[in-house]
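Here is an informal walk through one protein structure, looking at side-chain contacts and strand pairing. Have the viewer open as you read.

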Amino acid sequence: MNSYYHNTIGQFLLESDDQIIGKLTNQISHDYFQQLSSQNISWANFIENVKQEFANLVQLKPVASGWSILLEYKIPRIAKRIDMVIIANDLIFVIEYKDSVGSFDNSYKRQLEDYCLDLRDFHKESFNKTIVPILYMAEGHANNTKRESNLTDPIKPVIYTNTGDFASSIYHAFQSYCNPAVDSINPTKWNNSDYNPTPTIVQAAQSLFAGQGVENITKSHADSQNLTTTTDTILNAINRAKSNSEKLICFVTGVPGAGKTLVGLNIVHKEELFEENKTLAAYFSGNGPLIKVLREALTRDKYDTEKAIAKKRGSKTPVKEDIKRKVNTHIQNLHNFISDLYRSEKAPPEKIAVFDEAQRCWNAEHFYNKNNGNKNRNPNALIIRKSEPHLLLDIMDRHRDWAVMVALVGGGQEINTGEAGIGEWGRVVSTHFPHWKVMVSPELLQGDDSVAGNKLFKSTPSNVEIKTTEDLHLKVSQRSYKAKSLSAWINAVLRNEPFEAKSIIQPLLKDFPVVLTRNLDTAKDWLRTKQSGTRRIGLISSSGALRLKPYGLNVKESMDEPKWFLNKPEDVRSSYFLEIPATEFAIQGLEIGWSGLCWDLDLRRNDGQWDFKKFVGTKWNNVNKEDDRLYTLNKYRVLLSRAREGMIIWIPDGSADPLYGKKEDYDAVAEYLTNCGLETI
């Protein structure tokens with residue numbers, strides 16, 4: 001059972017307060033022993049207040065004595081517990097209790113909405129059931145007439161109540177929402193229901209760092225074993241390499257949002273890969289914003305947890321910088337790793353290196369130019385003409401016995417000059433490191449849609465031992481859990497196949513809204529109506545969208561990525577304010593709940609085909625290099641795949657910039673996306 005206490009309201013009223021607290025204490029002691037003292041005080045006040053209200057409720061509605069209540073219902077993904085759930089016929093009341101006085105805080109509302117959203121989306125027995133959120137502040141100033149909720153059916157608007165009004169609030173909500181034609185919910189089945197969460201990468205990283213395994217924090221609706229199977233396959237391969245003193249590189253592929261980063265982080269945090277309290281593995285990425293966001297998220301989460309524990313125990317408050325240093329050893333910047341270790345000629349401390357977005361590693365020319373250009377600012381810059389895959393294999397090959405590299409491969413997401421693509425890894429292995437064994441998914445050898453047609457090898461080398469396994473391919477999107485075929489639609493759009501795109505998107509729109517608008521205010525209003533709990537909304541755009549400036553959006557404006565992705569809705573620097581768009585560089589590898597994609601004329605239509613432009617000085621110039629055109633397509637591939645729940649695409653109407661943003665050019669893009677199945681609002 002997922003709750004710490006389960007009974008009917010009638011039986012709850014008959015039990016003594018001590019009996020109820022005893023049952024709760026017995027359950028919580030297994031997980032949260034240090035919280036017992038303060039928790040008992042809270043329960044005592046809660047039970048006293050609730051008993052009084054339930055007695056009033058039974059007088060108003062005698063059948064309520066048979067309704068079920070569940071106290072401290074666990075929400076595994078976010079490691080939280082719902083204070084109380086009431087199962088009343090076909091209704092699920094979700095109650096957040098605050099033993100305090102004063103006004104209702106928005107943070108309480110967001111917490112309660114998060115619980116309801118999690119039940120709606122991930123709790124099997126709550127599917128399509130009516131959920132009624134109630135914020136119960138013991139001595140709060142309840143006022144439901146002036147408050148609105150962005151939640152829609154089956155989640156009802158938040159009810160604000162207090163001691164004295166709680167019973168009548170439940171009664172009136174039941175009268176309003178109960179449907180006698182609908183079967184009653186079985187409370188025992190509900191309490192034992194499967195819970196199948198799909199966390200964001202930040203939530204997953206926090207859970208993994210706190211000691212939960214991937215199997216405990218995520219299950220895909222379509223394939224609950226996908227992530228666990230891939231993780232286990234890699235762990236078994238690591239153990240074989242260690243036993244046989246072998247060098248091995250594993251290539252993991254998957255559809256966009258399938259959880260490749262999650263698999264990598266899971267590997268890094270596996271207890272069996274620790275020796276003498278030190279991990280043998282580390283996670284590396286060349287994606288600077290991703291590294292900054294993950295490090296800050298983990299540091300904040302760990303600091304808040306340890307500070308709360310210290311406060312309860314009366315012990316010394318933790319030092320945030322100490323926690324940050326620990327986090328940084330697990331999650332490292334790829335470019336710094338190369339620069340720091342290449343000259344030393346020593347083997348790195350890590351025996352297992354997980355490289356995220358491996359296809360984005362720099363080619364030899366770009367690595368040379370980048371470091372040569374920085375030599376005045378950094379006299380220690382490594383000036384050498386080798387690609388990053390070559391340098392990384394050089395470093396890891398220094399281990400005399402065994403070493404494992406795990407390369408996480410995204411499809412068609414090379415978005416910047418000098419990104420080598422996955423083929424560079426295959427070339428380096430076959431040319432310079434044929435003694436490294438290779439494990440790879442068939443998709444990466446064949447070049448299917450999930451990797452945008454890219455292949456590890458142009459032709460299969462005869463000098464490398466290669467093992468293929470489907471277990472290294474993640475087939476199910478964790479990000480877009482409501483839209484499993486979204487990546488196929490995106491590929492069809494970018495391949496200039498509107499009829500195919502329309503046939504793919506139509507079945508998805510009910511569960512994963514994608515709409516078009518020509519008005520920025522409409523886009524912002526649409527996003528605000530979708531926002532609830534802490535599910536993030538935000539504007540995103542191509543870094544080449546330079547003529548959005550007349551509409552008030554400057555893609556060159558500097559942004560603090562951790563604050564944009566992590567701060568609360570009240571913070572003007574957060575994504576919620578819809579003021580600063582995140583470009584493909586800031587958001588690649590991350591995701592938000594609802595995205596507003598701001599489309600400019602760097603990718604436009606011409607004679608029924610995609611046309612590529614770059615704004616320089618006072619005009620749009622043609623993009624002639626094939627690689628640069630590919631980067632532009634990939635930018636939009638990244639942007640189109642960042643939303644977890646839905647997306648609105650804003651295409652300007654040309655009114656604010658008639659000289660550089662002509663109406664007919666924007667109209668052509670809008671017409672094409674309409675042909676791809678989108679409705680304009």
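## A salt bridge across the chain

Glu 561 has a relative accessible area of 11%, so this residue counts as buried. Keep in mind that we're looking at a predicted model. The salt-bridge partner of Glu 561 is Lys 292, and their closest N and O atoms are 3.1 Å apart. Unlike the buried glutamate, Lys 292 is partly exposed, because its relative accessibility comes to 42%.

Where do the two ends of this pair sit? Lys 292 belongs to helix H11 (residues 288-313) and Glu 561 to helix H21 (residues 561-566), so the contact ties together parts that are 269 residues apart in sequence.

## More salt bridges

Searching the whole structure turns up 33 salt bridges. In general, side chains of opposite charge can pair when their charged atoms come close. One of the bridges joins Glu 296 and Arg 300, with 2.8 Å between the closest N and O atoms. These two are four residues apart in helix H11, so about one helical turn separates them. Glu 296 is buried at 18% relative accessibility, while Arg 300, at 25%, is partly exposed.

Asp 611 and Lys 613 make another salt bridge, their closest N and O atoms being 3.8 Å apart. Both Asp 611 and Lys 613 are buried. There is also a network of salt bridges, which links Asp 118, Arg 120, Asp 121, Arg 535 and Glu 645.

## Aromatic pairs

How many aromatic pairs does a search of the whole structure find? The count is 22. Take Phe 12 and Phe 54: the ring centres are 5.8 Å apart and the planes meet at 75°, which is over the 60 degree cut-off, so the pair is edge-to-face. Phe 12 is in helix H1 (residues 9-14) and Phe 54 in helix H3 (residues 36-60), so this pair ties together parts 42 residues apart in sequence. Both phenylalanines, Phe 12 and Phe 54, are buried.

Trp 599 and Tyr 636 also pair up, but in a tilted arrangement, with 4.5 Å centre to centre and 35° between the planes. Trp 599 sits in the loop between strand E19 (592-598) and strand E20 (603-606), and Tyr 636 in helix H23 (residues 626-640), so parts 37 residues apart in sequence are tied together. Trp 599 and Tyr 636 are both buried.

## A cluster, and charges over rings

Phe 12 and Phe 54 turn up again in an aromatic cluster, alongside Tyr 5, Phe 46, Tyr 97, Tyr 136 and Phe 166. Elsewhere, charges sit over rings: the charged end of Arg 605 is 3.7 Å from the ring centre of Tyr 672, and Lys 320 lies over the face of Tyr 303, 5.7 Å from the ring centre.

## Strands side by side

Now for the sheets. One is an open sheet of five strands with parallel pairing, ordered E18-E19-E23-E17-E24. Strand E18 (537-541) and strand E24 (679-680) are at the edges with a single partner strand each, so one side of each has no neighbour in the sheet. Inside that order, strand E17 (residues 514-517) and strand E23 (residues 643-650) run parallel and are joined by four bridges. Thr 517 stands opposite Trp 650 in E23.

Strand E14 (residues 437-440) pairs in the parallel sense with strand E7 (residues 247-254) over four bridges, and three bridges join E14 to strand E15 (residues 466-468), also parallel. Phe 251 has Val 440 in E14 as its bridge partner, and Met 439 is matched with Lys 467 in E15.

Conventions
Residues numbered from 1 in each chain as written. Predicted model: local features only at pLDDT ≥ 70, side-chain atom pairs only at ≥ 80, totals over all residues. Heavy atoms only, no water. Phe/Tyr/Trp six-rings, centres within 6.5 Å; stacked < 30°, edge-to-face > 60°. Buried < 20%, exposed > 50% of the residue type's maximum accessible area, 1.4 Å probe, protein only. Lys NZ or Arg CZ within 6 Å of the ring centre and 35° of its normal. Pairing = 2+ DSSP bridges. Salt bridge = Lys/Arg side-chain N within 4 Å of Asp/Glu carboxyl O.
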